[in-house]
Amino acid sequence: MAAPQTVMSLRDATATLGARAVLRGIDLTVDSGEVVALLGANGSGKSTAIRTVIGQVPLTGGELELFGTPFARFRDWRRVGYVPQRSTAAAGVPATVREVVSSGRLSHARLRPLGRADRAAVTRALELVGMADRARDSVNALSGGQHQRVLIARALAGAPDLLIMDEPLAGMDLASQDVLAEALREQVARGTSVLLVLHELGPFAPLIDRAVLLREGLVERVGNPEALHDIACHPHDTHDAEGRAGIGAGLSMSELNPGTRR
Ligand SMILES: Nc1ncnc2c1ncn2[C@@H]1O[C@H](COP(=O)(O)OP(=O)(O)OP(=O)(O)O)[C@@H](O)[C@H]1O
């Protein structure tokens with residue numbers, strides 16, 4: 001069987017914000033078709049790690065590759081979808097829900113008007129997140145959770161091969177979480193790889209192939225999402241959870257021996 005293609009790889013990645021060494025040498029990979037969750041306490045570096053992947057935070061050391069291409073030479077950004085940590089980035093903009101989601105197709109249209117395939121992708125994304133009936137509404141008329149769904153639809157509309165999401169479930173009610181889990185399941189079934197930051201696994205738990213627990217800018221553990229989530233929530237009571245985590249199963253040496261540069 002052919003080895004899985006690595007969609008994203010960070011090797012020994014370091015990053016600094018202000019005077020703070022926020023990432024201190026992390027290894028993180030997402031293989032084709034994989035769903036990888038980043039877990040960890042507030043401030044452990046989760047958002048920074050994914051912001052390095054999309055180029056918002058420069059690496060100060062280490063290597064980043066996207067679809068096998070070194071970051072400096074990577075141009076194919078339409079293959080990457082990004083949902084930022086909950087924000088109201090589009091609020092205040094006089095745009096409809098459909099217009100905001102359509103902006104996720106701009107890199108496909110390459111300055112041409114959106115075509116039929118683009119409009120179909122927008123409609124599908126709106127349906128996936130359960131916002132089709134709000135398509136003509138102003139984004140300013142949405143609740144925070146609805147707004148988040150629109151940003152997710154914007155990323156899905158681009159039909160990304162790698163979808164990166166920073167706490168997509170934050171502030172979502174349970175019904176909305178279920179809708180998003182179903183949307184993610186469909187997207188993964190189409191072959192999309194996913195890297196996401198989560199505090200609560202919620203209905204995403206069965207979709208996650210691998211969890212990576214960050215602590216103070218280092219990878220502390222890699223393993224089963226539910227057990228690692230326990231460790232993330234109860235960092236001083238790790239023994240039992242480690243047993244359940246199946247730590248080590250099928251992991252590379254660099255993932256098994258992270259954080260050696262304390
Ligand atoms: N602009 C900044 N300047 C300086 N330090 C920053 C900046 N942004 C974040 N940090 C620091 O970097 C560290 C990691 O932040 P990051 O947002 O990556 O954490 P996180 O794991 O995503 O946390 P949370 O769960 O709270 O979202 C924190 O200590 C934070 O204070």
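Student: Where is the place of Gly68?

Tutor: Look in the loop between strand 4 and strand 5, and you'll find Gly68 there. Keep in mind as we go that this is a predicted model.

Student: Is Gly68 buried or exposed, and why?

Tutor: To read burial, you count the neighbours around a residue: 12 or fewer other C-beta atoms within 10 Å count as exposed. Gly68 has 11 other C-beta atoms within 10 Å, so Gly68 is exposed. For the protein chain as a whole, 41% of the 262 residues are buried.

Student: How far apart are Gly68 and Leu28, in sequence and in space?

Tutor: They sit 40 residues apart in sequence, and the distance from C-alpha to C-alpha is 14 Å. You can ask about sequence separation for the contacts of the chain too. Take contacts between residues at least 6 apart in sequence: 69% of them join residues at least 24 apart.

Student: What does the secondary structure of the chain come to?

Tutor: Nine helices and 10 strands. Let's begin with the strands around Gly68's loop.

Student: In what order do the four strands of the open sheet stand?

Tutor: Read across the sheet from one edge to the other: 2-1-4-5, with antiparallel pairing. At the edges are strand 2 (20-31) and strand 5 (69-70), each with a single partner strand, so each has one side without a neighbour in the sheet.

Student: How many bridges join each pair of strands here?

Tutor: Walk along the order. Strand 1 (residues 6-17) pairs with strand 2 over nine bridges, in the antiparallel sense. Leu10 is one residue to look for, and its bridge partner in strand 2 is Leu28. Strand 1 is also joined to strand 4, by five antiparallel bridges, and there Met8 has Leu66 of strand 4 as its bridge partner. Finally, two bridges join strand 4 to strand 5, again antiparallel, with Glu65 partnered by Pro70 in strand 5.

Student: Which residue takes a positive phi in the hairpin of strand 4 and strand 5?

Tutor: Phe67, with a phi near 50 degrees. That hairpin has two residues between the strands.

Student: And how do I think about side chains along a strand?

Tutor: In a regular strand they alternate between the two faces of the sheet.

Student: What is the order of the six strands in the other open sheet?

Tutor: Here you read 6-7-8-3-9-10, and the pairing is mixed. Strand 6 (80-83) and strand 10 (218-223) each have a single partner strand, so these edge strands have one side left without a neighbour in the sheet. From one strand to the next, the twist averages 15 degrees. Strand 6 and strand 7 (residues 162-166) give you a parallel pair, with four bridges, and Gly81 has Leu163 of strand 7 as its bridge partner.

Student: Which strands of this sheet does helix 1 touch?

Tutor: Helix 1 packs on the six-strand sheet by touching strand 3 (35-40), strand 7, strand 8 (193-197) and strand 9 (210-215), and its direction makes about 145 degrees with that of strand 8. Helix 5 also belongs in this picture: it lies across strand 6 and strand 7, at about 175 degrees to strand 6.

Student: At what angle do helix 5 and helix 6 pack?

Tutor: For two helices, check the angle and the distance between their axes. Helix 5 and helix 6 (residues 174-189) pack at about 5 degrees, with axes 11 Å apart. They are therefore roughly parallel to each other. Gly145, Arg149, Ile152 and Leu156 in helix 5 meet Ser176, Leu180, Ala183 and Gln187 in helix 6. By class, that contact has four nonpolar, three polar and one charged residues.

Student: How do helix 4 and helix 5 pack?

Tutor: Helix 4 (residues 116-128) and helix 5 (residues 144-157) make an angle of about 140 degrees, and their axes are 8 Å apart. That angle makes helix 4 oblique to helix 5, and the crossing is right-handed. Ala121, Val122, Ala125, Leu126 and Leu128 make the contact from helix 4, while Ala153, Leu156 and Ala157 do so from helix 5. By class, this contact has eight nonpolar residues, with no polar and no charged ones.

Definitions and conventions
Residues are numbered from 1 along each chain as its sequence is written. This is a predicted model: local features need pLDDT of at least 70, side-chain atom pairs count only at pLDDT 80 or more; totals for chains, interfaces and linings use all residues. A residue is buried if 20 or more other C-beta atoms lie within 10 Å of its own, exposed if 12 or fewer, and partly exposed in between; C-beta atoms are placed from the backbone. Two residues are in contact if their C-beta atoms, placed from the backbone, lie within 7 Å. Axes are lines fitted to C-alpha atoms, for helices over the stretch in contact, and angles run from 0 to 180 degrees between N-to-C directions. Angles under 35 degrees count as roughly parallel, over 145 as roughly antiparallel, 65 to 115 as roughly perpendicular and the rest as oblique. A crossing is left-handed if the near helix is turned anticlockwise from the far one by less than a right angle, and right-handed if clockwise. Ala, Val, Leu, Ile, Met, Phe, Trp, Tyr, Cys and Pro count as nonpolar, Asp, Glu, Lys and Arg as charged, and the others, Gly among them, as polar. Two strands pair if DSSP finds at least two bridges between them.
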